[in-house]
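Please open the model in your viewer and keep the sequence panel visible. The tour below proposes selections one after another and states what is found at each.

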Amino acid sequence: IPIDWLGKKYVSLNLYEDKTEELNPPLILIVASEDNTIVYYQPTKPTEKVSAGTKKEVKLNKGQTFLILGKEDNNVLRSPESDITGTFITSNKPIAVISGHTKGTTFGYTINPFNKEEQYRVRNVMLEQLLPIELLGTEYIPVAIRLNSLDPYHIRFYEGDLIRFVATQDSTIIYQMRLDGSGLKQITIPLKTGEYFDISSQENVCYYKSNFPILVGQFSKGWSYY
């Protein structure tokens with residue numbers, strides 16, 4: 001994303017804390033585009049340095065970066081309580097925000113026969129440079145990724161993508177077009193800034209609309225078998 005498109009307001013897109021040989025937290029990386037940049041961030045869940053809901057100030061010069069890591073805590077492993085999605089970030093000058101996870105997976109969003117077997121959980125670094133709130137829209141059409149017979153046991157838990165909607169302001173409501181095209185239906189209660197709503201298994205192309213700009217993320221599931 002070029003500097004001309006950078007903004008001063010963001011909400012983050014992450015997942016919960018995961019674990020391989022060690023704990024793998026969600027992350028947010030902030031990059032300053034100008035000197036004397038003042039950044040404020042307010043995490044939705046505890047981070048390495050800040051409690052949930054606490055506003056933190058950071059001062060950066062051009063090219064400097066600041067890394068936010070979710071707090072490592074075995075007690076909230078693979079729990080929404082470790083997911084820092086919706087962290088609100090503002091600045092006095094344009095910044096770049098790269099958001100995601102150090103090594104995570106969407107596999108845990110479903111219950112399946114292999115859920116207790118760690119070798120079936122496929123993880124990877126997940127990073128995306130985010131558009132600022134100033135450039136987000138209210139209409140989205142996610143297209144689900146179609147997999148070719150990757151499930152030899154025909155277990156439907158692996159089908160469909162995870163679609164995540166993140167509110168950028170209070171009283172956000174999300175609507176979904178009915179599959180027959182007959183009209184929109186409300187699928188969320190009013191969301192507060194930073195709150196999110198998940199569709200855990202989106203298999204069809206679908207149209208979504210909101211009353212305020214929202215951030216939308218799409219995650220494909222990953223797994224393996226031996």
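Begin with strand 16 (214-219), which gives the most to the lining of the second largest pocket, with 5 residues. Strands here are DSSP runs of E with at least two residues, numbered from the N terminus. The model is predicted: local features need pLDDT of at least 70 and side-chain atom pairs pLDDT 80 or more, while totals for chains, interfaces and linings use all residues. Residues are numbered from 1 along each chain as its sequence is written, and side-chain values use heavy atoms, without hydrogens and water.

Next, select L13, E128, L130, V216 and G217, which lie nearest the centre of this pocket among its 19 lining residues. A pocket is an open set of points on a 1 Å grid over the protein atoms alone, where a 1.4 Å probe fits, with protein on both sides within 12 Å along at least five of seven lines; lining residues have an atom within 4 Å of a point. Strand 8 (88-104) and strand 9 (124-129), like strand 16, each supply at least two lining residues.

Now display strands 14, 11 and 16, an open sheet in the order 14-11-16 with antiparallel pairing; two strands pair if DSSP finds at least two bridges between them. Strand 14 (196-202) and strand 16 each have a single partner strand, so one side of each is left without a neighbour in the sheet. Between strand 11 (161-167) and strand 16 there are 6 bridges. Which residue of strand 16 stands opposite I163? Select Q218 to see this partner.

Finally, select P2, in the segment before strand 1 (7-11).

Definitions and conventions
Helix = DSSP H or I, 4+ residues; strand = E, 2+ residues; numbered from the N terminus.
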